[in-house]
Amino acid sequence: MLGLPEEKILRDLPVPKEELTALAGTYDSDEGPVEQFARDGKQHYRLPGTPIEGVLLRQAANVYAGDTSEIHYLVRPGHPTWAIVYNGGLMMDAKPRIK
């Protein structure tokens, strides 16, 4: 009503094991690499070479969010092909690194 941004409440939906496994790996973008991995049934991220690490909470199928970011994964036949990252008002794209 006052034109203030709406406070977003993050969900913490259960993550299917297949989804955790499929999304794990390293994603490359113009901003640098990000590692995604599973720990304790949750999706985690780490910026290689830095102490930056955190948890991403599942919002919907292949959609995760943290304090300031939201990631939408495009998954085709069980493997991610692209990730769109919204972080602090910026939109970035990332591709999974081929193993």
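**Exercise 1.** Is Arg39 buried, partly exposed or exposed, judged by relative accessibility?

*Solution.* Let's start with the setting: this is a predicted model. Step one is to recall the cut-offs: buried means under 20% relative accessible area, exposed over 50%, and partly exposed lies in between. Step two is to read the value for Arg39, which has 35% relative accessibility and therefore counts as partly exposed.

**Exercise 2.** Find the salt-bridge partner of Arg39 in strand 4 and place the pair in the chain.

*Solution.* First, look at the contact: Arg39 forms a salt bridge with Glu53, and their closest N and O atoms are 3.0 Å apart. Next, locate the two ends. Arg39 belongs to strand 2 (residues 34–39) and Glu53 to strand 4, so the salt bridge ties together parts that are 14 residues apart in sequence. Now check the surroundings of the partner: Glu53 is partly exposed, with a relative accessible area of 35%. Finally, widen the view, and you will see that Arg39 and Glu53 join Glu35 and Arg46 in a network of salt bridges.

**Exercise 3.** Compare the settings of two further pairs, Arg58 with Glu19 and Arg97 with Asp28.

*Solution.* Take Arg58 and Glu19 to begin with. Their salt bridge has its closest N and O atoms 2.9 Å apart. The pair links distant parts of the chain, since Arg58 sits in strand 4 (residues 53–60) and Glu19 in helix 1 (residues 17–23), 39 residues apart. Arg58 has a relative accessible area of 12% and is buried; Glu19, at 9%, is buried as well.

Then turn to Arg97 and Asp28, whose side chains meet in a salt bridge at 2.6 Å, N to O. Distant parts of the chain are linked here too: Arg97 is in the segment after strand 8 (90–96), while Asp28 is in strand 1 (residues 25–28), 69 residues apart. Arg97 is partly exposed at 43% relative accessible area, and Asp28 is partly exposed at 31%.

To round off the count, the structure holds six salt bridges, among them the pairs treated above.

**Exercise 4.** Which order do the strands of the closed barrel follow, and how do they pair?

*Solution.* Trace the barrel strand by strand: its eight strands run 1-2-3-4-5-6-7-8, with antiparallel pairing. From one strand to the next, the twist averages 30°. For a closer look, pick strand 7 (residues 79–87), which pairs with strand 8 in the antiparallel sense over five bridges. In one bridge, Asn87 has Leu90 of strand 8 as its partner.

Terms used. Residues numbered from 1 in each chain as written. Predicted model: local features only at pLDDT ≥ 70, side-chain atom pairs only at ≥ 80, totals over all residues. Heavy atoms only, no water. Salt bridge = Lys/Arg side-chain N within 4 Å of Asp/Glu carboxyl O. Helix = DSSP H or I, 4+ residues; strand = E, 2+ residues; numbered from the N terminus. Buried < 20%, exposed > 50% of the residue type's maximum accessible area, 1.4 Å probe, protein only. Pairing = 2+ DSSP bridges. Axes fitted to C-alpha atoms, helices over the stretch in contact; angles between N-to-C directions.
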